[in-house]
Amino acid sequence: MYNQTYEQCIQACLECLEACNVCYDACFHEEDLKMMADCIRMDRECADICAFAANSMQSNSPFVKQICLLCADICEACGNECKKHSHEHCQKCADACFKCAEACRQMV
């Protein structure tokens, strides 16, 4: 059983993972796809690290702190990219990213 202190951070990671996946898919339906390229790339990176971070906490990895620190940095970068776009899915993703970054930094 994983450490209960991870619960809030795991939840933030899972919410961010979902927001990034929704944003990723929605970006492909925007008119200017080229403008969304960096957002799409960051959504993928962020979703991947959030899943990895949640798994590392659930399995009580000895590298949780390092993984959470990396997750926080990637979430912040993704949030900053998404914040540049006015689309609702990007704004929701940015909010989830910043929340996750904060939760991950609290783990460190």
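Two exercises with solutions follow, on a predicted model.

**Exercise 1.** Determine how helix α1 packs with helix α2, and which residues make the contact.

*Solution.*
Step 1. Helix α1 covers residues 7-27 and helix α2 covers residues 37-58. Their axes lie 8 Å apart, at an angle of about 155 degrees.
Step 2. Angles over 145 degrees count as roughly antiparallel, so α1 is roughly antiparallel to α2.
Step 3. The crossing of α1 and α2 is left-handed.
Step 4. On the α1 side, the contact is made by C9, I10, C13, L14, C16, L17, C20, N21, C23, Y24 and C27. On the α2 side, the contact is made by C39, I40, D43, R44, C46, A47, C50, A51, A53, A54, M57 and Q58.
Step 5. Sorted by class, the contact of α1 with α2 has 19 nonpolar, two polar and two charged residues.

**Exercise 2.** Find how many disulfides the model has, then examine C71 and C93.

*Solution.*
Step 1. A disulfide needs a pair of cysteine sulfur atoms within 2.5 Å. By this rule the count is zero.
Step 2. For C71, the nearest cysteine sulfur is that of C104, 3.8 Å away, and C71 is in no disulfide.
Step 3. Buried means under 20% relative accessible area. The value for C71 is 0%, so C71 is buried.
Step 4. For C93, the nearest cysteine sulfur is that of C20, 3.6 Å away, and C93 is in no disulfide. C20 is also one of the α1 residues in the contact with α2.
Step 5. The relative accessible area of C93 is 0%, so C93 is buried.

Notes:
Residues are numbered from 1 along each chain as its sequence is written. This is a predicted model: local features need pLDDT of at least 70, side-chain atom pairs count only at pLDDT 80 or more; totals for chains, interfaces and linings use all residues. Side-chain values use heavy atoms; hydrogens and water are left out. Axes are lines fitted to C-alpha atoms, for helices over the stretch in contact, and angles run from 0 to 180 degrees between N-to-C directions. Helices (H or I, at least four residues) and strands (E, at least two) are DSSP runs, numbered from the N terminus. Angles under 35 degrees count as roughly parallel, over 145 as roughly antiparallel, 65 to 115 as roughly perpendicular and the rest as oblique. A crossing is left-handed if the near helix is turned anticlockwise from the far one by less than a right angle, and right-handed if clockwise. Contact means heavy atoms within 4.5 Å. Ala, Val, Leu, Ile, Met, Phe, Trp, Tyr, Cys and Pro count as nonpolar, Asp, Glu, Lys and Arg as charged, and the others, Gly among them, as polar. Buried means under 20% relative accessible area, exposed over 50%, partly exposed in between (1.4 Å probe, protein chains only).
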